[in-house]
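User: I'm new to this structure and would love a close look at one part of it. Could you walk me through it step by step?

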Amino acid sequence: MIFWDYFPHIDIQHMVDIQDKHLRQKQEHGDPNQYIFYAEHMPCITYHYASDLADHRVHPLEFAKLVKKANMPVMRFSRGGGTTYHGP
């Protein structure tokens with residue numbers, strides 16, 4: 001069975017926590033269901049905890065200036081790959 005839920009105006013960290021909770025339940029209890037989450041959050045930039053900003057195409061100091069100018073949070077997560085912009 002497929003379940004879905006909509007989260008308008010949610011903090012991205014809170015959304016990641018919800019996803020992690022559902023993943024743990026699936027792993028620990030063998031939950032066969034599928035879940036689809038639709039989420040709206042403020043624009044942000046995410047990157048994998050193991051990635052190194054020095055490996056990106058933009059110099060780390062230039063990247064920091066761009067982020068500061070955009071007034072946008074940068075969040076480090078244990079999922080995903082490189083740097084990702086989430087926004088309109």
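Is Val-74 buried, partly exposed or exposed, and what is its relative accessible area? Please also show me the strands around it.

Analyst: Happy to help! Keep in mind that this is a predicted model. Val-74 is partly exposed, because its relative accessible area is 35%, while buried means under 20% and exposed means over 50%.

Let's put Val-74 in its setting. Val-74 sits in strand β4, which covers residues 74-77. This strand belongs to an open sheet of three strands, and their order is β4-β3-β5. The pairing in the sheet is mixed. At the edges are β4 and β5 (84-86), each of which pairs on one side only. On average, neighbouring strands here are turned by 30° against each other, with direction ignored.

Now follow Val-74 across to its partner. The bridge partner of Ile-45 in β4 is Val-74. Another bridge between these strands links His-48 with Phe-77 of β4. Strand β3 (residues 44-48) and β4 run parallel and are joined by four bridges. On its other pairing, β3 meets β5 in the antiparallel sense over three bridges. Ile-45 takes part here as well, since its bridge partner in β5 is Tyr-85. In general, strands of a sheet pair through backbone hydrogen bonds, either parallel or antiparallel.

What about the cover on β3? Five of its five residues are buried, so β3 counts as mostly covered. Both faces share in this: Cys-44, Thr-46 and His-48 are buried on one side, and Ile-45 and Tyr-47 are buried on the other. As a rule, side chains in a regular strand alternate between the two faces of the sheet.

Stepping back along the chain, we can compare Val-74 with Pro-43. These two are 31 residues apart along the chain, and their C-alpha atoms are separated by 9.6 Å. Met-42 is found in the loop between β2 and β3. Met-42 counts as exposed because its relative accessibility is 68%. There is another long step in sequence here: Met-42 and His-9 are 33 residues apart along the chain, yet 7.3 Å separates their C-alpha atoms.

From that loop we can reach the other pair of strands. β1 and β2 pair in the parallel sense over six bridges. Between them, the chain crosses from β1 through helix α1 (residues 12-29) to β2, and this β-α-β crossover is right-handed. One of the bridges here has Phe-7 with Ala-39 as its partner in β2.

These two strands also contribute to the surface. Ile-2, Trp-4, Tyr-6, Ile-36 and Tyr-38 make a nonpolar surface patch of about 580 Å². Both β1 (2-7) and β2 (34-39) supply at least two residues of the patch, and β1 gives the largest share, with three residues. Tyr-38, which lies in β2, counts as partly exposed because its relative accessibility is 45%.

To return to your starting point: Val-74 is a partly exposed residue in the edge strand β4, and it is bridged to Ile-45, a buried residue of β3.

Conventions. Residues are numbered from 1 along each chain as its sequence is written. This is a predicted model: local features need pLDDT of at least 70, side-chain atom pairs count only at pLDDT 80 or more; totals for chains, interfaces and linings use all residues. Side-chain values use heavy atoms; hydrogens and water are left out. Patches are made of residues with over 30% relative accessible area and no salt bridge: like charges are joined within 9 Å, nonpolar side chains (Val, Leu, Ile, Met, Phe, Trp, Tyr) within 5 Å. Accessible areas come from the Shrake-Rupley method with a 1.4 Å probe; for residues, only the protein chains shown count as cover. A salt bridge is a side-chain nitrogen of Lys or Arg within 4 Å of a carboxyl oxygen of Asp or Glu. Buried means under 20% relative accessible area, exposed over 50%, partly exposed in between (1.4 Å probe, protein chains only). Two strands pair if DSSP finds at least two bridges between them. A crossover is right-handed if, with the strands pointing away from the viewer, the path from the first strand over the helix to the second runs clockwise. Axes are lines fitted to C-alpha atoms, for helices over the stretch in contact, and angles run from 0 to 180 degrees between N-to-C directions.
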